[in-house]
Amino acid sequence: MSVQEVLPLNGVATARSGQFRADHLLVAEMVKPGSKVLDVGCGEGDLLQLLETRGIDGRGIELSREGVNRCVAKGLAVVQGDADTDLVNYPDDAFDYVILSQTLQATRQPKLVLENLLRIGRRAIVSFPNFGFWKMRLQLLIGGHMPRTENLPATWYDTANIHFCTIKDFVQLCDEINVKMERSVALDLYGRPVPLNLPWWVWNMFGEQAVFLLSRGGGK
Amino acid sequence: MGSVKSIPSPAISADERSHEVDHPSSQVAHFGTEQPLRLDCGVDLSPFQIAYQTYGELNADRSNAVLICHALTGDQHVANVHPVTGKPGWWETLVGPGRPIDPKHYFIICSNVIGGCMGSTGPASINPATGKVWGLDFPVITIPDMVRAQAMLIDRLGIDTLFAVVGGSMGGMQVLQWTAAYPARVYSALAIACATRHSAQNIAFHELGRQAVMADPDWHGGGYADRGIHPHRGLAVARMAAHITYLSDAALHRKFGRRMQDRELPTFSFDADFQVESYLRYQGSSFVERFDANAYLYLTRAMDYFDIAADHGGVLAKAFAGIQTRFCVVSFTSDWLFPTSESRALVHALNASSARVSFAEIETDRGHDAFLLDVPEFFDISRAFLQSAGKARGLTLKDR
């Protein structure tokens, strides 16, 4: 089942396509079968289960005890831990891919986390909600309040998302820490990829979320 | 002042207990002088015997064996009626028909540890050199010694790789020692409420228990057996102190509060006015019926010495370098004897070794004892972990 077959048939990206979330299918499609993967912030293990169906050796870290216990009860190799503090325990090159799905904006030190992802994994797959999405901009510009969307319903005072960024911001960070972007996909409000031939500012405006496949850049 | 009752004498005589020591109502593996057990203290223990129970059947390719490691005061009777106390097996919540470790699927082995007193050679056994009970002449043993003996038993049973090694507390220490010493022989490891080393606080509690035993005049420098007596008062006090560490403030409060035992008002004496006192006295006196005082000294000592990192240049991760075993580590929120921080240190070391590890902390107010109690979330996790390992191992589980 390819991503292209699945995505246009669904509504928002987090909608389920059969058993799995559309953005998870996109992430899973970026991972080569047979590889070893760490999913940081794996929630209840949906993505790990999807990866397992593709013969991928998946491990997970999850902050919430309930999430971890549900994962372990599904037979997944998941440990309770915090992306900000526990990634340092993993050795260099321990995984082929390290995935950070919709979690970057909730970390205390996103830059450090990103650096760790690409230290312990040869590649990293990072997805995050784009704060430059037109609906966000419109809510701040016209409404004059912190944006809230269907996928990000929390108010400013109880949100876990303390480090929002736009696609442009993220690309700049990748440049700054010498990270190579191997593939990048922005998904619009309906979970459809924004066409590749359009310029960056269009992505940054119409991408509701973005998924990046990253690798270590060459020496600067 | 009212009457003061001390801890009651045991209902089971020393003779009945000592019968299980040398002639256990279990299967026994004898190891003769040609197969000594090399102990960490430098002594070759020989001859020696291991008493063990098995449940279920070994499959044709010998791939479904599960070794259960018992805790400090446990024994091999994990899932059958205890021959001395007549009580159900100590882990029938986890092991047995319809349980996560079901004899229908697995060949389950549980052996009494070396140094114990339920049929494996220990300080209560007869020293063949003298014809008398070993007592304190028995060499000091360690957790690695226990595991080395278990490995000899597993060899004897013709099993190369264990599908799983499972244990809590001191049993969990043995699980970890198995993976550190024989990584290729352990396909999956379920380590519950344990640690890779015994903490200073835990050593301190053990010392308290040992001193209680030694302070009993009936102990006689460990030579009580020759006099036909047993320091049951000292051992009972040791058990009472230890039992407190297995519980939690919240659990004690919920179970007993400040409620009185069979009375309305305080008696203004040192009788067991409070239910919690009565409960502890019962725990102490029932324990001495089935346990040998010297064995208690030796086994607590073995736990004290346990420190996997120290055996690997002080770096815990080195103990697990390149290990292929699948791990599941479980801790309980209210366990202050083996707190979650200990399990987390283990998990970090396993992560650093790129081991496949699951780690769940289970919320309960029942303290360290939770691993022996009916905690459904723990059973779900154990079952799923073993099923997933079984799938990876290619075990075909029979239909329920």
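**Close-up views of a predicted two-chain model**

B:R239 is buried, as 25 other C-beta atoms lie within 10 Å. The views below are taken from a predicted model.

**View 1. Surroundings of B:R239 and B:D369, listed by UniProt under "binding site" in an unreviewed entry.** Although 131 residues of sequence are spanned, the positions cluster in space, with a largest C-alpha distance of 13.8 Å. B:R239 belongs to helix α5 (residues 232-246) of chain B. Beyond residues up to four places away in sequence, B:R239 touches B:Q283, B:G284 and B:F287. B:D369 lies in the loop between β12 (356-362) and α11 (376-393) of chain B. B:D369 is buried, with 21 other C-beta atoms within 10 Å. Apart from neighbours within four places in sequence, the contacts of B:D369 are B:Y246 and B:L247.

**View 2. The positions B:S169, B:D335 and B:H368, which UniProt annotates as "active site" in an unreviewed entry.** These residues are spread over 200 residues of sequence, yet they cluster in space, the largest C-alpha distance being 10.7 Å. B:S169 occupies the loop between β9 (162-168) and α3 (170-181) of chain B, and B:D335 occupies the loop between β11 (326-332) and α10 (340-352) of chain B. B:S169 counts as buried because 26 other C-beta atoms lie within 10 Å, where 20 or more suffice. B:D335 is likewise buried, with 28 such atoms within 10 Å. With neighbours within four places in sequence set aside, B:S169 is in contact with B:H368, and also with B:A71, B:L72, B:A193, B:C194, B:F338 and B:F371. On the same basis, B:D335 is in contact with B:A193, B:G367, B:H368 and B:A370.

**View 3. The largest nonpolar core, which comprises 170 residues.** The residues that touch the most other members are A:V72, B:V66, B:L162 and B:A164. Helix α8 (residues 293-305) of chain B gives the most to this core, contributing eight residues. Leaving out neighbours within four places in sequence, B:A164 contacts B:V66, together with B:Y187, B:S188, B:A189, B:L190, B:L386 and B:A389.

**View 4. The contact between the chains, formed by 17 residues from chain A and 21 residues from chain B.** On the side of chain A that touches chain B, the elements giving two or more residues are α4 (65-73) and β5 (77-80) of chain A. Of these, α4(A) gives the most, with five residues. By class, this side of chain A has 10 nonpolar, four polar and three charged residues.

How values were computed. Residues are numbered from 1 along each chain as its sequence is written. Chains are lettered from A and ligands numbered from 1 in the order in which they are written. This is a predicted model: local features need pLDDT of at least 70, side-chain atom pairs count only at pLDDT 80 or more; totals for chains, interfaces and linings use all residues. UniProt positions are given in the numbering used here, feature names are shortened, and annotations may be inferred rather than shown by experiment. Helices (H or I, at least four residues) and strands (E, at least two) are DSSP runs, numbered from the N terminus. A residue is buried if 20 or more other C-beta atoms lie within 10 Å of its own, exposed if 12 or fewer, and partly exposed in between; C-beta atoms are placed from the backbone. Two residues are in contact if their C-beta atoms, placed from the backbone, lie within 7 Å. A nonpolar core is a set of buried Ala, Val, Leu, Ile, Met, Phe, Trp, Tyr and Cys residues joined through C-beta atoms within 7 Å. Ala, Val, Leu, Ile, Met, Phe, Trp, Tyr, Cys and Pro count as nonpolar, Asp, Glu, Lys and Arg as charged, and the others, Gly among them, as polar.
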